[in-house]
Amino acid sequence: MQAELEAQFHEFVRARWSRLVRTAYLLTGDVHHAEDLTQTALAKAYRSWRRISRSDNPEAYVRRMLVSCNSDRFRKRRVTEALTAAPPERARHDEAAGQVEMRGSLLDGLARLPAKQRAVVVLRYWEDLSEAEVADVLGCSPGTVKSQASKGLAKLRTYPGLARQGRTVSGRGGGK
């Protein structure tokens with residue numbers, strides 16, 4: 001039976017790895033931290049896979065672990081990171097370059113949100129989860145999700161990197 005559970009876990013990781021890393025990247029703002037965070041969450045999931053695999057939605061369970069591991073990362077280490085949104089060299093400014101610049105500004109803006117607001121915005125608008133699903137992942141009420149999303153979006157709308165480009169952040173349709 002152990003071999004069957006291990007095979008199920010490996011299949012789960014193969015199928016969900018890139019999506020989990022993407023979510024972790026949006027939570028951390030750094031590819032290396034995102035991969036470490038995903039590995040940490042999956043290591044914890046592996047130890048409890050027998051129980052997790054029986055749940056209605058194992059991916060939601062692991063996503064909740066991802067958010068918790070990210071919160072733990074901040075509790076253990078209170079170091080401020082300075083993330084840059086754009087490389088030092090500038091590409092010519094056409095439509096694609098503007099989108100890349102906006103994406104960089106959006107990621108920088110996300111990195112400056114408090115952890116709870118960032119988690120809500122990422123899960124709600126980038127991962128396109130419902131308010132109820134986000135509440136379940138974060139272990140809070142749907143009302144908290146609504147207020148944190150509202151506050152997070154309001155901060156992003158006024159973020160200088162986004163405002164200077166003459167664009168605002170909308171409330172739906174993430175950056176998939």
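**Reading an all-helix predicted model**

In this predicted model, 65% of the chain's contacts between residues at least 6 apart in sequence join residues at least 24 apart.

User: What makes up the chain, in helices and strands?

Analyst: The chain has 9 helices and 0 strands. Along the sequence the pattern reads α-α-α-α-α-α-α-α-α. Of the 176 residues, 39% are buried.

User: How do you know that the length of helix α2 agrees with its number of residues?

Analyst: Helix α2 covers residues 31–47, which is 17 residues. At 1.5 Å a residue, the expected span is 24 Å. The end C-alpha atoms lie 25 Å apart, so the two values agree.

User: Which residues of α2 are buried, and what makes them one face?

Analyst: The buried residues are A34, L37, T38, A41, L42 and A45. Looking down the axis of α2, they fall within an arc of 130 degrees, so they line one face of the helix. The face turned away from that buried side carries H32 and R47, both exposed.

User: What caps the N-terminal end of α2?

Analyst: D30 does. One of its side-chain oxygens is 3.0 Å from the backbone nitrogen of H32. The cut-off for a polar contact is 3.5 Å. The D30 distance of 3.0 Å is within 3.5 Å, so the pair meets that distance limit.

User: Why are α6 and α8 called roughly perpendicular?

Analyst: Helix α6 (residues 115–126) and helix α8 (residues 142–158) pack at an angle of about 95 degrees. Roughly perpendicular covers 65 to 115 degrees. The angle of about 95 degrees falls in that range, so the label applies. Their axes are 8 Å apart.

User: Which residues meet where α6 and α8 pack?

Analyst: From α6 come K116, Q117, V120, V121 and Y125. From α8 come T144, V145, Q148, A149, K151, G152, L153, K155 and L156.

User: Why is R63 called buried?

Analyst: R63 has a relative accessible area of 6%. Buried means under 20%. The 6% of R63 is under that limit, so R63 is buried. R63 is found in helix α4 (residues 58–76). Leaving aside neighbours within four places in sequence, R63 is in contact with R19, L123, L129 and V137.

User: Why does R50 count as partly exposed?

Analyst: R50 has 42% relative accessibility. Partly exposed lies between the 20% and 50% limits. The 42% of R50 falls between them, so the label fits. R50 is found in helix α3 (residues 49–52). R50 and Q2 are 48 residues apart in sequence, and their C-alpha atoms are 9.0 Å apart in space.

User: What is the phi of D128, and where is D128 found?

Analyst: D128 has a positive phi of about 60 degrees, although it is not a glycine. D128 is in the loop between α6 and α7. Its relative accessible area is 39%. Partly exposed runs between 20% and 50%, so D128 is partly exposed.

User: Which residues of α7 are buried, and how do you know that they line one face?

Analyst: V134, A135, V137 and L138 are the buried residues of α7. Viewed down the axis of α7, they fall within an arc of 165 degrees, so they line one face of the helix. After α7 comes G139, with a positive phi near 70 degrees.

Methods:
Residues numbered from 1 in each chain as written. Predicted model: local features only at pLDDT ≥ 70, side-chain atom pairs only at ≥ 80, totals over all residues. Heavy atoms only, no water. Helix = DSSP H or I, 4+ residues; strand = E, 2+ residues; numbered from the N terminus. Expected span 1.5 Å × (residues − 1). Buried < 20%, exposed > 50% of the residue type's maximum accessible area, 1.4 Å probe, protein only. Arc of directions from axis to C-beta. Polar contact = N/O pair within 3.5 Å; in protein donor to acceptor, adjacent residues only side chain to side chain. Axes fitted to C-alpha atoms, helices over the stretch in contact; angles between N-to-C directions. Parallel < 35°, antiparallel > 145°, perpendicular 65-115°, else oblique. Contact = heavy atoms within 4.5 Å.
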